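Colleague: Before I use the terms attached to this model, I would like to go through the reasons behind them. Could you take me through the labels one by one?

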Amino acid sequence: MSEQHLNTQRVGRAFARSVATYDTHAVLQREVAERLLNHLEFVQIKPQRVLEIGCGTGYFTRLLRQRFNRAHLATIDIAPAMVVAARNTHPRRMPWSAKTSFAAADACHLPFADASFDLVASSLVMQWVNDPQQMLAEMRRVLAPDGLILFSTFGRRTLSELRQSLADFSHGHAGLILPFPDVTSLGDALMKLPVELPVSDSDLFTLTYADAMALVRELKGLGASSSGIRNRPAGLYGRRLLKHLDENYALKHSDADGRIHATFEVLYAQAWYAEAPRNYDHMIPIEQVDGC
Ligand SMILES: C[S@@+](CC[C@H](N)C(=O)[O-])C[C@H]1O[C@@H](n2cnc3c(N)ncnc32)[C@H](O)[C@@H]1O
């Protein structure tokens, strides 16, 4: 996975601006958070210390809190407004409330000592960090022996229709969509860490919208802005570009009933602590494991 040339502060500001609208639009994000946690169904783990990276408004935080109600849970996000939102929806009177801490911090520079957590989890954040390899290295650095890394991120096919429509407008405009990784490059990135038994799988979601503007509005409401992309062409919301999208997207990617569709590929991955990197040829996608 390559460095994406994102401006972290701008990414944080875009998410901070979306704090009031995020939950209205985050249907897919909630579904992914639930599916990510379901990956632990057959995993023997009773973490005492859990770290969540990129809490947003706190949906995944609450799932982790319920699942590991005896653990100390630390949660961080680059956008202070998101941290406040997550903290405000945290059930304060529960016995475990005192065991939860919230802080504004960058996934690529975690403010924690080495080996501080037994579970390091993150849902749909990695696509927004400037250097995913550094985020992974940080996740591993703060992981304690016997600990588990668990995360989801968007994959290469995400928003492929929008990327194509933007490219039809001008080649450079396709760069307004983040270069999401494929499962192989995600596996390669994990292989560089001292981890063992890395596993990945993916889900493909097709969402439909009344028109391309509804999709653009949703992305904006989620804080998924191109403003953090360095050297980007003129923004996604220029009038000429929006008109083009409105016509071009529907022409190429609409159903019989006239609704447009958008693909979202979600990659899930998990890996256990190891002292030194293991020599795997490549990560085994879950569907290729016999009996799965
Ligand atoms: C798509 S939201 C996901 C939020 C939440 N995990 C969920 O599933 O709803 C991405 C979150 O990552 C945060 N984020 C982006 N870049 C980050 C970074 N470098 N460090 C920490 N958090 C970051 C954003 O502020 C935002 O809250």
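The exchange below takes up the chain, the ligand site and some single residues.

Colleague: What kind of model is this, and what does the protein chain contain?

Modeller: The model is predicted. The protein chain has 10 helices and 8 strands. Of its 292 residues, 54% count as buried. The accessible surface comes to about 13900 Å², and carbon and sulfur atoms account for 51% of that.

Colleague: What share of the contacts between residues at least 6 apart in sequence joins residues at least 24 apart?

Modeller: The share is 82% in the protein chain.

Colleague: What makes the ligand's place a cavity site, and which residues surround the ligand?

Modeller: The ligand sits in the largest cavity. To say that a molecule sits in a cavity, more than half of its atoms must lie within 2 Å of the grid points of that cavity. The shell around the ligand holds 20 residues, and the closest are Y22, G54, D77, A107 and S123. Helix α1, residues 8-17, gives the most to this shell, with 3 residues.

Colleague: Which residues offer polar atoms to nitrogen atoms of the ligand, and at what distances?

Modeller: A polar backbone atom of I78 is 3.2 Å from a ligand nitrogen. For D106 the partner is an N or O atom in the side chain, at 2.9 Å from a nitrogen of the ligand. For A107 the partner is again a polar backbone atom, at 2.8 Å from a ligand nitrogen. The ligand on its own has 600 Å² of accessible area, and the protein covers 98% of that.

Colleague: Why is T263 called buried?

Modeller: T263 has 12% relative accessibility, and the limit is under 20%, so T263 counts as buried. T263 is found in strand β7, residues 260-273. Its side chain makes a polar contact with the side chain of E161 at 2.5 Å.

Colleague: How do you know that the pair of T263 and E161 is a polar contact by distance?

Modeller: The cut-off for the N or O atoms is 3.5 Å, and the pair is at 2.5 Å, so the distance meets it. Leaving aside residues up to four places away in sequence, T263 touches R157, T158, L159, S160, E161, L204 and F205.

Colleague: L159 is among those residues. Why is L159 called buried, and what is its phi?

Modeller: L159 has a relative accessible area of 7%, which is under 20%, and therefore L159 is buried. L159 lies in the loop between β5 and α7. Its phi is positive, about 55°, although L159 is not a glycine. Most residues other than glycine have a negative phi.

Colleague: A115 also has a positive phi. Why is A115 called partly exposed?

Modeller: A115 has 34% relative accessibility; partly exposed runs between the buried limit of 20% and the exposed limit of 50%, so A115 falls in that class. A115 is found in the loop between β3, residues 100-104, and β4, residues 117-123. The phi of A115 is near 55°.

Colleague: Why is V142 called buried?

Modeller: V142 has 0% relative accessibility, and the limit is under 20%, so V142 counts as buried. V142 has its place in the loop between α6, residues 132-141, and β5, residues 143-154. Not counting residues up to four places away in sequence, V142 touches L51, L110, F112, A113, D114, A115, S116, F117 and V120. V142 and A113 are 29 residues apart in sequence, yet their C-alpha atoms are 6.2 Å apart in space.

Colleague: Why is T75 called buried, and what does T75 touch?

Modeller: T75 has a relative accessible area of 1%, which is under 20%, so T75 is buried. T75 is found in strand β2, residues 72-77. Beyond residues up to four places away in sequence, T75 touches E52, C55, T61, S101, F102 and A103.

Colleague: What makes helix α9 mostly covered?

Modeller: In α9, residues 212-221, 8 of the 10 residues are buried. These are A212, M213, A214, L215, V216, E218, L219 and G221. The buried residues of α9 pack against α2, α7, β6, α10 and β7. G223 follows α9 and has a positive phi, near 85°.

Key: Residues numbered from 1 in each chain as written. Predicted model: local features only at pLDDT ≥ 70, side-chain atom pairs only at ≥ 80, totals over all residues. Heavy atoms only, no water. Helix = DSSP H or I, 4+ residues; strand = E, 2+ residues; numbered from the N terminus. Buried < 20%, exposed > 50% of the residue type's maximum accessible area, 1.4 Å probe, protein only. Contact = heavy atoms within 4.5 Å. Areas by Shrake-Rupley, 256 points an atom, 1.4 Å probe, with all protein chains shown as cover. Near = heavy atom within 4 Å. Polar contact = N/O pair within 3.5 Å; in protein donor to acceptor, adjacent residues only side chain to side chain. 1 Å grid on protein atoms, 1.4 Å probe; cavity = no way out; pocket = protein on both sides within 12 Å on 5 of 7 lines; lining within 4 Å.
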